[in-house]
Amino acid sequence: MFHYTVETEKTVDEAVHAVEEACAKRKFGVLWQLDIPTKLLEKGIHFDQSYRVLEVCNPDITKKALIHNQQAGHFLPCKIVVYTDVKTGKTKIGLSRPTALFALMEDEHLLSIAKEVESALIHALDEAKD
């Protein structure tokens, strides 16, 4: 599966804050946050679902990956989504699995780095949901 997703009773805002804190404990910073409904509204498009995209990065791991293979940048930074599920009304927190993306490069060293990142981020999402 290309993603790892958890469900929480938190609001989207609460979940985003919890993700930021859980990532920071693992030395991942949020580089950028996209509020999709707000951005679409700027273009005159109404989207009635709370949906955020966070791009997260651990600088030390990023440097290690890019020194090994500059094409790793195609998959950086990692994306985490936080949104309200339209079917259940629950908040979901999801991660694109770095191992799924980096497997496309057929580079075992990069895949081992991706496993390290994925493990840390899965733990962060599990912590953030509680």
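## Exercises on a predicted protein model

P77 is placed in the loop that runs between helix α3 and strand β4, the latter spanning residues 78–84. The model is a predicted one, and the exercises below begin at this loop.

**Exercise 1. Find which form, cis or trans, the peptide bond from L76 to P77 takes.**

Step one is to locate P77, which belongs to the loop between α3 and β4 (78–84). Step two is to read the omega angle of the bond from L76 to P77, which is near -10°, and the bond is cis. Step three is to set this against the general pattern: most peptide bonds are trans.

**Exercise 2. List the elements of the protein in order from the N terminus, and then judge how compact the protein is.**

Begin with the count, which gives 5 helices and 5 strands. Followed from the N terminus, these elements run β-α-β-α-β-α-β-β-α-α. The radius of gyration is 15 Å, close to the 14 Å that the globule rule gives for 130 residues, so the protein is as compact as a globular protein of that length. The C-alpha atoms fill a box of roughly 40 × 35 × 25 Å along the principal axes, and 42% of the 130 residues count as buried. As a last step, look at contacts between residues at least 6 apart in sequence, of which 69% join residues at least 24 apart.

**Exercise 3. Decide whether A18 and H68 are buried, partly exposed or exposed, and name the residues that each touches.**

Take A18 to start with, which lies in helix α1, residues 12–25. Its relative accessibility is 12%, and because buried means under 20%, A18 counts as buried. Setting aside residues up to four places away in sequence, A18 touches K10 and A128. A18 and F75, which are 57 residues apart in sequence, have C-alpha atoms 24 Å apart in space.

Turn next to H68, found in helix α3, which covers residues 59–68. The relative accessible area of H68 is 36%, and because this value falls between the 20% and 50% cut-offs, H68 is partly exposed. Again leaving out residues up to four places away in sequence, H68 touches D107, H109 and L110. From H68 to V6 the separation is 62 residues in sequence and 32 Å in space, C-alpha to C-alpha.

**Exercise 4. For K27 and E106, give the sign of phi, the loop that holds each residue, and the exposure.**

The general background is that most residues other than glycine have a negative phi. K27 has a phi near 65°, a positive value in a residue other than glycine, and K27 sits in the loop between α1 and β2 (29–35). At 61% relative accessibility K27 counts as exposed, because exposed means over 50%.

E106 has a phi near 55°, also a positive value in a residue other than glycine. E106 lies in the loop that links α4 (98–102) with α5 (108–129), and at 75% relative accessibility E106 counts as exposed.

**Exercise 5. State which residues the UniProt record lists as a domain, and describe that stretch in the model.**

The unreviewed UniProt entry lists residues 39–98 under "domain: DUF302". Over residues 39–98 the chain is 25% helix and 33% strand, while the C-alpha atoms at the two ends of the stretch are 26 Å apart.

**Exercise 6. Find how far apart the mean positions of the positive and negative charges are.**

Count 16 positive and 20 negative charges, and then compare their mean positions, which are 1 Å apart. For the surface as a whole, the protein exposes about 7600 Å², with carbon and sulfur atoms supplying 55% of it.

Terms used: Residues are numbered from 1 along each chain as its sequence is written. This is a predicted model: local features need pLDDT of at least 70, side-chain atom pairs count only at pLDDT 80 or more; totals for chains, interfaces and linings use all residues. Side-chain values use heavy atoms; hydrogens and water are left out. Helices (H or I, at least four residues) and strands (E, at least two) are DSSP runs, numbered from the N terminus. The radius of gyration is taken over C-alpha atoms; the globule rule is 2.2 Å times the number of residues to the power 0.38. Buried means under 20% relative accessible area, exposed over 50%, partly exposed in between (1.4 Å probe, protein chains only). Contact means heavy atoms within 4.5 Å. Accessible areas come from the Shrake-Rupley method with a 1.4 Å probe; for residues, only the protein chains shown count as cover. Lys and Arg count as positive and Asp and Glu as negative; His and the chain ends are not counted. The place of a charge is taken as NZ of Lys, CZ of Arg, CG of Asp or CD of Glu. UniProt positions are given in the numbering used here, feature names are shortened, and annotations may be inferred rather than shown by experiment.
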